[in-house]
Amino acid sequence: MSTRDPELASIMAAAQAGDAKAYRRLLDGLSVHLKPHIRRLLAGMGSNGAAELDDILQETLIAVHGRLHTYDPTYPVTAWVNAIARYKVVDHFRAVGDNRRKIPIETVESLMSEPEAEQADAARDVQRLLATLPANLRRPIEEVKLRGLSIAEAAHAVGMSQAAVKVGIHRGMKRLIARFGIGAASMAGNNG
Amino acid sequence: MADGSFLAALRHDWRQFLDTDQLIDRLVADHRPVDPRWIERASLMAALAALGVAIVLVATIIGFRSDIPAAVMEGRIVAKYGFVILSSLVAGLVYCRMARPGRQLKFIGLAYLLPLGFIGAAAGLAASGQGLADIGLKIADPNWRFCLIFVPSFAIIPFFLFAAVLKRAAPTDLKGAGFAAGILATSVVSLAYASHCPADSPLFVTVWYPLAYLIGGLAGRTVAPRVLRW
């Protein structure tokens, strides 16, 4: 559960009761929360998300509006809205006829531990950098540098050998540094 | 709950004109109080309507048994009624949970084991001290065909009642929600069908009633992606 959930839950309760100010705060808060989340989902589906992010964010907000009565007060608000966002992402690709893309279960599980809103910008930047890499280089970096897994755990998570994970991280970071310079280098330093 | 036509108009507008802040303004302007227990209330209404439909179908097409009071007094039918009531309650709970976002049947569906455990225990008691031939005869009662035909077919209208509620809720596991709606529809129908079915043995009920539910569940699962998409 996000640490923002208790606050969001009380705002949600007021919004469900018809408080327009609380509802605006809720939608504003959710839109901040949802952007990096949807971007991550899109990245997980192999899309850079630039064209689709705003569409899906707005579709999700409309769905929140139409399904506000389905929020269960015993459930974390972020988990509730993340599930709606995930559904809208999948529905988006279904609508455009791309049924081959699947969101991996690890991505769905990671939705329950969303980055805080304060980290959203940094997370967005990192995702933007990583989105430029092919999956065999991006995934090892995500698992080891961002999620903090060991090489062995990451190898298991991405279905690669430990040697391939190490090589993937090395080549991926090298490529990022070559392409983006000091920014990527500092990312490697900060997260590694 | 937001009006469907408002949302349709909004979708049309925002695709052409609105940025996210403008969209939020529109949504706030349309905001009204919602009932957080809407799913439970609507499901209860749908279940009562489904039971009404099932009673009418059983009464008009296959008829009720005339010996129900005697069977109840003698306790012959207690396990069967207990099973169909418990199944309906559990199916209702699973269905309501599946109507909300983020719920997956593979976890919540374990609750279905509760009525199965109940009737399985009753069947175990009924089987104790009986020979295999007697047990086989009770299970293979010729009424099994009617059970597998009437319960799922009478559940078609109830299924669409439950699907209508799901359509206004927010299931994200559509196949799971469709399965849950199919199980609930057949369970509710079996509440009425149990008073037609002349086979009362828990051995019979243990095998054929869950199989009838499973047919309903699988049919619901099959049509769900088309019927429940929101």
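## A first look at two helical chains

Read along the sequence, chain A goes α-α-α-α-α-α-α-α-α-α. In other words, the secondary structure of chain A comes to ten helices and zero strands. What you have in front of you is a predicted model, so let's walk through both chains, then the place where they meet, and then a few individual side chains.

**The two chains**

Chain A has 192 residues, and 51% of them are buried. Take the contacts in chain A with a separation of 6 or more: residues 24 or more positions apart account for 62% of them.

Chain B tells its story in helices too. From the N terminus on, its elements run α-α-α-α-α-α-α-α-α-α-α-α, which comes to twelve helices and zero strands. Chain B has 230 residues, of which 51% count as buried. For contacts in chain B with a separation of 6 or more, 82% come from residues 24 or more positions apart.

**How confident is the prediction in chain A?**

The average pLDDT of chain A is 76, and 71% of the residues score at least 70. Where is confidence highest in chain A, and where is it lowest? The high end is H3(A), at a mean of 92, while the low end is helix H10 (residues 182-191) of chain A, at 42. Two stretches deserve some care when you look at them. Over residues 104-122 of chain A the pLDDT is below 50, and this stretch has 24 contacts in the model beyond near neighbours in sequence. Residues 181-192 of chain A also have a pLDDT below 50, with 18 contacts counted in that way.

**Where the chains meet**

How many residues does each chain bring to the contact? Chain A brings 35 residues and chain B brings 39. The area buried between chain A and chain B is about 3,400 Å², and carbon and sulfur atoms give 60% of that. On the chain A side, Ile62(A), His69(A) and Tyr87(A) supply 22% of the area that chain A buries against chain B, more than any other three residues.

Polar links cross the interface as well. The rule finds 13 residue pairs in polar contact there, both residues at pLDDT 80 or more. Four helices of chain A each give two or more residues to the side that touches chain B: H1 (5-16), H2 (20-44), H3 (53-66) and H4 (77-95). H3(A) gives the most, with nine residues. Sorted by type, that side of chain A has 17 nonpolar, eight polar and ten charged residues.

**Salt bridges**

Side chains of opposite charge can pair when their charged atoms come close. A search of the whole structure finds 17 salt bridges over all chains, and three salt bridges lie across the interface of chain A and chain B. Here are some individual pairs:

| Pair | N to O distance |
|---|---|
| Arg24(A) and Asp25(B) | 2.8 Å |
| Glu7(A) and Arg25(A) | 3.5 Å |
| Glu142(A) and Arg139(A) | 3.7 Å |

The pair of Glu7(A) and Arg25(A) links distant parts of the chain, since Glu7(A) is in helix H1 of chain A and Arg25(A) is in helix H2 of chain A, 18 residues apart. Glu7(A) is partly exposed, with a relative accessible area of 41%.

Why does the pair of Arg24(A) and Asp25(B) join two chains? Because Arg24(A) lies in helix H2 of chain A, whereas Asp25(B) lies in helix H2 (residues 20-29) of chain B. Arg24(A) is partly exposed at 32% relative accessible area, and Asp25(B) is partly exposed at 38%.

Glu142(A) and Arg139(A) stay within one element: both lie in helix H7 (residues 135-146) of chain A, three residues apart, about one turn of the helix. Is Glu142(A) buried or exposed? Glu142(A) is buried, with a relative accessible area of 14%, while Arg139(A) is partly exposed at 21%.

Chain B also has a network of salt bridges, linking Arg65(B), Asp67(B), Glu74(B), Arg76(B), Lys80(B) and Asp200(B).

**A buried serine in chain B**

To finish, find Ser190(B) in helix H11 (residues 174-193) of chain B. Ser190(B) is buried, with a relative accessible area of 0%. Which residues does Ser190(B) touch, not counting residues up to four places away in sequence? They are Val84(B), Tyr209(B) and Tyr213(B). With Tyr213(B), the side chain of Ser190(B) makes a side-chain polar contact at 2.8 Å.

Key: Residues numbered from 1 in each chain as written. Chains lettered and ligands numbered in written order. Heavy atoms only, no water. Contact = heavy atoms within 4.5 Å. Buried area = accessible area lost by both parts, 1.4 Å probe. Salt bridge = Lys/Arg side-chain N within 4 Å of Asp/Glu carboxyl O. Polar contact = N/O pair within 3.5 Å; in protein donor to acceptor, adjacent residues only side chain to side chain. Nonpolar A, V, L, I, M, F, W, Y, C, P; charged D, E, K, R; others polar. pLDDT = per-residue confidence, 0-100. Buried < 20%, exposed > 50% of the residue type's maximum accessible area, 1.4 Å probe, protein only.
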